[in-house]
Amino acid sequence: FFFFFLFKGTFFNILFLSLLAGCNSGPKDLSESAAMEIMKTDKDMCALAQKEGFNKALLLYADDSLVKPEEGRFPIMGKRALENLWGNDPGSKSLSWVPYRAEASASGELGYTLGNWKLTTSDTTYYGHYFTIWKKHEDGTWKWAVDGGNNTPSPE
């Protein structure tokens with residue numbers, strides 16, 4: 001009879017500790033998984049930009065309520081405004097970027113990437129750093145909500 005209570009207490013203690021451990025690791029696992037999805041989405045957007053053009057790729061991956069800071073003028077507010085600005089111009093295919101960091105919120109609904117970009121023209125190569133804030137949509141896709149960056153010296 002004593003062993004039953006001892007076993008029963010141990011069983012419930014193990015069950016409780018297992019549930020507690022599972023609750024603590026859930027959000028971290030969710031944010032790590034989301035960060036990996038964001039990193040992949042950012043890389044996929046770059047691959048599309050090199051194939052189809054920068055403007056076309058960014059519009060495909062854009063959130064409807066995006067904010068795109070622009071040097072020397074007010075930020076572009078909303079996907080429709082960006083579509084109006086770029087029109088049917090697919091944009092450059094010589095702009096590439098590589099994200100080096102991605103993080104996501106514990107909920108797995110928001111995140112960001114940081115990376116380096118490179119633009120090659122016929123006579124000059126430009127370099128820079130960028131940040132992109134990503135938002136997860138109900139269908140599971142990631143769309144960028146804020147995108148910006150700056151020029152940097154050559155990494156050489």
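**Strand β5, helix α3, the core and the largest pocket**

Outside its neighbours within four places in sequence, His-129 is in contact (heavy atoms within 4.5 Å) with Tyr-100, Leu-114, Gly-115, Asn-116, Trp-117, Gly-148, Gly-149, Asn-150 and Thr-152. The model is a predicted one: local features need pLDDT of at least 70, side-chain atom pairs count only at pLDDT 80 or more, and totals for chains, interfaces and linings use all residues. Residues are numbered from 1 along each chain as its sequence is written, and side-chain values use heavy atoms, with hydrogens and water left out.

His-129 lies in strand β5. Helices (H or I, at least four residues) and strands (E, at least two) are DSSP runs, numbered from the N terminus. His-129 counts as partly exposed, at 22% relative accessibility. Buried here means under 20% relative accessible area, exposed means over 50%, and partly exposed lies in between (1.4 Å probe, protein chains only). The C-alpha atoms of His-129 and Pro-99 are separated by 9.5 Å. These two residues are 30 residues apart along the chain.

Ser-96 sits in strand β3. Its relative accessible area is 21%, so Ser-96 is partly exposed. Leaving aside neighbours within four places in sequence, Ser-96 contacts Cys-46, Gln-50, Asn-116, Trp-117 and Lys-118. Asn-116 and Trp-117 are thus among the contacts of Ser-96 and also among those of His-129. Ser-96 and Ala-49 are 47 residues apart along the chain, with their C-alpha atoms separated by 7.6 Å.

The chain as a whole has three helices and six strands. Along the sequence they follow the pattern α-α-β-β-α-β-β-β-β. Of the 156 residues in the chain, 29% are buried. Among contacts between residues at least 6 apart in sequence, 51% join residues at least 24 apart.

In soluble globular proteins, nonpolar side chains tend to be buried together. A nonpolar core is a set of buried Ala, Val, Leu, Ile, Met, Phe, Trp, Tyr and Cys residues joined through side-chain atoms within 4.5 Å. The largest such core in this model has 22 residues. Those with the most contacts inside it are Met-45, Leu-58, Leu-82, Trp-97 and Trp-144. Two or more residues come from each of α1 (2-52), α2 (54-60), β1 (62-70), α3 (79-86), β3 (95-104), β5 (125-136) and β6 (142-152). Helix α1 gives the most, with five residues. Not counting residues up to four places away in sequence, Leu-82 touches Leu-59, Leu-66, Ile-76 and Trp-144.

Helix α3 has Lys-79, Leu-82 and Trp-86 as its buried residues. Seen down the helix axis, they fall within an arc of 60° (taken from the directions from the axis to the C-beta atoms), so they line one face of α3. An α-helix has 3.6 residues a turn, so residues three or four places apart point the same way. The buried residues of α3 pack against α2, β1, β2 (73-77) and β6. The face turned away from this buried side carries the exposed residues Arg-80 and Asn-84. After α3 comes Gly-87, whose phi is positive, near 60°.

Two further details concern residues of α3. Lys-79, in helix α3, is buried, with a relative accessible area of 18%. Leaving aside neighbours within four places in sequence, Lys-79 is in contact with Leu-59, Ala-62, Asp-63, Asp-64 and Leu-66. The C-alpha atoms of Lys-79 and Asp-63, 16 residues apart along the chain, are separated by 6.6 Å. Ala-81 is also placed in helix α3, and counts as partly exposed at 33% relative accessibility. Ala-81 and Asp-64 are 17 residues apart in sequence and 9.7 Å apart in space, C-alpha to C-alpha.

The largest pocket has a volume of about 700 Å³. A pocket is an open set of points on a 1 Å grid over the protein atoms alone, where a 1.4 Å probe fits, with protein on both sides within 12 Å along at least five of seven lines; lining residues have an atom within 4 Å of a point. Grid points are joined across faces, edges and corners, and the volume is the space filled by probe spheres set on them. The lining comprises 26 residues, of which Phe-54, Lys-68, Trp-117, Asp-147 and Gly-149 are the closest to the pocket centre. β6 gives the most to the lining, with five residues. By class, the lining has twelve nonpolar, eight polar and six charged residues. Ala, Val, Leu, Ile, Met, Phe, Trp, Tyr, Cys and Pro count as nonpolar, Asp, Glu, Lys and Arg as charged, and the others, Gly among them, as polar.
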